[in-house]
Amino acid sequence: MKKKTKKNNFFKNLSKKKKIALLVISVLLVFAIGIGTYFCFFYDKDTSIKDVIKKVTKQEEVKKIKIVDPDSKTRPYAVMINNLGVARPYQSGLQDAYIMYEFIVEGGITRYLALFKDVNVDRIGTIRSSRHYYLDYVLENDAIYVHWGGSEFAYNDISKLGINNVDGMAYGGKYFWKDKSLNVSTEHTAYSKTEMIDNAVNKLGYRKETNKDLLLNYSVDPVDLASDQTSIDANSIDIVYSNVVKDHYDYDSENKVYKRSVNGKEHVDYVTKQQYTFKNIITYKVTNTTIAGDYKGRQNLDNIGSGDGYYISEGKAVEITWTKNSREAQTIYKLKSTGEELKVNDGNTFIQIQPTGQTLTIS
């Protein structure tokens with residue numbers, strides 16, 4: 001009884017502040033014992049601290065842009081891709097491009113410009129020669145240009161504009177290779193890979209950090225196109241460039257991407273044998289004209305200015321405007337209905353710059 005009385009007297013004589021402090025210490029002690037018990041008996045010793053952090057920040061990680069790292073300062077590589085009919089079956093690595101462009105060139109054919117950033121790709125091609133207006137889109141992305149040869153107009157502008165470029169005509173044996181196993185003419189067999197381009201950039205001393213923001217404004221959450229007053233269904237898209245190049249997309253509602261075809265055939269990667277798919281499509285029209293006196297019929301593109309077009313994603317299309325104020329300026333895309341800057345869904349984008357007068361069908 002005496003001991004009990006002493007304890008009661010001890011607590012009774014404590015001040016209010018000391019009682020609160022003792023209570024806080026008791027709670028912290030119980031918490032510490034619980035944490036210690038967890039680490040002793042339940043903690044997976046093979047789990048790294050990094051994995052624990054990932055679990056804690058899982059919700060935040062889900063909301064990060066996946067197609068590119070918005071915080072990365074790495075300059076992209078812009079690779080000139082051969083799209084002649086005989087070469088198209090051998091196109092490789094294009095699914096890893098975060099942006100693709102397509103423009104008309106001479107003879108009604110087209111070529112692509114494929115942009116790669118912070119990815120490792122073992123086979124990109126087939127690579128073909130430059131045309132001068134493609135440089136405008138190299139510049140707007142502050143990219144390092146990869147090509148095999150070029151027109152005299154392109155070479156003049158590469159020099160005049162100070163384009164950092166890796167040319168297969170100069171460095172074919174070092175930073176490119178030709179796949180002699182392909183059943184096509186040798187000019188359709190040139191490839192490179194990001195590791196080789198990395199080596200070229202290091203050897204040539206090119207700037208590695210970009211001085212421009214990303215071209216497109218990506219959204220971590222799905223973009224609501226249905227609420228836009230110009231919204232229409234977009235499950236099937238036909239984009240005609242000429243009588244020899246006709247692009248088609250079918251919307252895959254399960255995977256929320258567009259499956260790409262060219263001239264009635266699935267557009268398939270040579271290595272993976274998988275059909276190319278794209279999350280976003282931006283399409284608009286500009287005028288092209290034949291360069292006077294050029295015996296090969298090469299083109300000029302009236303691409304500096306502004307106009308209307310469409311942004312297509314997740315089964316819907318909305319009207320947009322585009323503005324490009326100079327060759328090096330980034331194209332600015334806005335919603336036509338509100339004038340607000342366009343936000344695109346997180347994923348790869350095909351920018352289809354179509355000749356004026358050709359047919360676009362969205363249904």
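**A pocket, a helix pair and a few unusual backbone spots**

The largest pocket holds about 260 Å³ of space. Keep in mind that this is a predicted model. The pocket has a lining of 17 residues, and those lying nearest its centre are V223, D224, L335, E340 and K343. Sorted by character, the lining of this largest pocket comes out as 6 nonpolar, 5 polar and 6 charged residues.

Stepping back to the chain as a whole, it has 363 residues, and 46% of them count as buried. Its secondary structure adds up to 8 helices and 24 strands. What share of the contacts with a separation of 6 or more comes from residues 24 or more positions apart? The figure is 64%.

Next come two of the helices. Two packed helices are described by the angle between their axes and by the distance between those axes. Helix α7 covers residues 168–175 and helix α8 covers residues 194–204; they pack at an angle of about 115°, and their axes are 11 Å apart. The crossing of α7 past α8 is right-handed. On the α7 side, the contact is made by Y171, K174 and Y175, while α8 brings in M196, N199, A200, K203 and L204. By character, the residues of this contact split into 5 nonpolar, 1 polar and 2 charged.

Now for the backbone. Most residues other than glycine have a negative phi, and most peptide bonds are trans. Against that background, a few spots in this chain are worth a look. One is the peptide bond between G125 and T126, which is cis, with omega at about 0°. T126 itself sits in the loop between β4 (124–125) and α5.

D142 is another such spot: it is not a glycine, yet its phi is positive, at about 50°. This residue belongs to the loop that runs between α5 (135–140) and β5 (144–147). Is D142 buried or exposed? Its relative accessibility is 8%, so D142 counts as buried, the cut-off for buried being under 20%. Setting aside neighbours within four places in sequence, D142 is in contact with R75, P76, R207, E209, T210, N211 and K212. There is also a long jump along the chain here: D142 and E328 are 186 residues apart in sequence, while 8.4 Å separates their C-alpha atoms.

N263 has a positive phi too, near 50°, and is likewise a residue other than glycine. Its loop lies between β13 (257–262) and β14 (265–266). With a relative accessibility of 36%, N263 counts as partly exposed, because that class takes in whatever falls between under 20% and over 50%.

Last comes Y98, found in the loop between β1 (77–82) and β2 (99–104). Y98 counts as buried because its relative accessibility is 4%. Which residues does Y98 touch, not counting those up to four places away in sequence? The list is I67, V68, P76, L115, F116, K117, N141, Y218, G347, N348 and T349. One of these, P76, is 22 residues from Y98 in sequence, and their C-alpha atoms are 9.7 Å apart in space. P76 also turns up among the contacts of D142, so both loop residues, Y98 and D142, touch P76 by the 4.5 Å criterion for heavy atoms.

Note on methods: Residues numbered from 1 in each chain as written. Predicted model: local features only at pLDDT ≥ 70, side-chain atom pairs only at ≥ 80, totals over all residues. Heavy atoms only, no water. 1 Å grid on protein atoms, 1.4 Å probe; cavity = no way out; pocket = protein on both sides within 12 Å on 5 of 7 lines; lining within 4 Å. Points joined across faces, edges and corners; volume = space filled by probe spheres on them. Nonpolar A, V, L, I, M, F, W, Y, C, P; charged D, E, K, R; others polar. Axes fitted to C-alpha atoms, helices over the stretch in contact; angles between N-to-C directions. Helix = DSSP H or I, 4+ residues; strand = E, 2+ residues; numbered from the N terminus. Left-handed = near helix turned anticlockwise from the far one by under 90°. Buried < 20%, exposed > 50% of the residue type's maximum accessible area, 1.4 Å probe, protein only.
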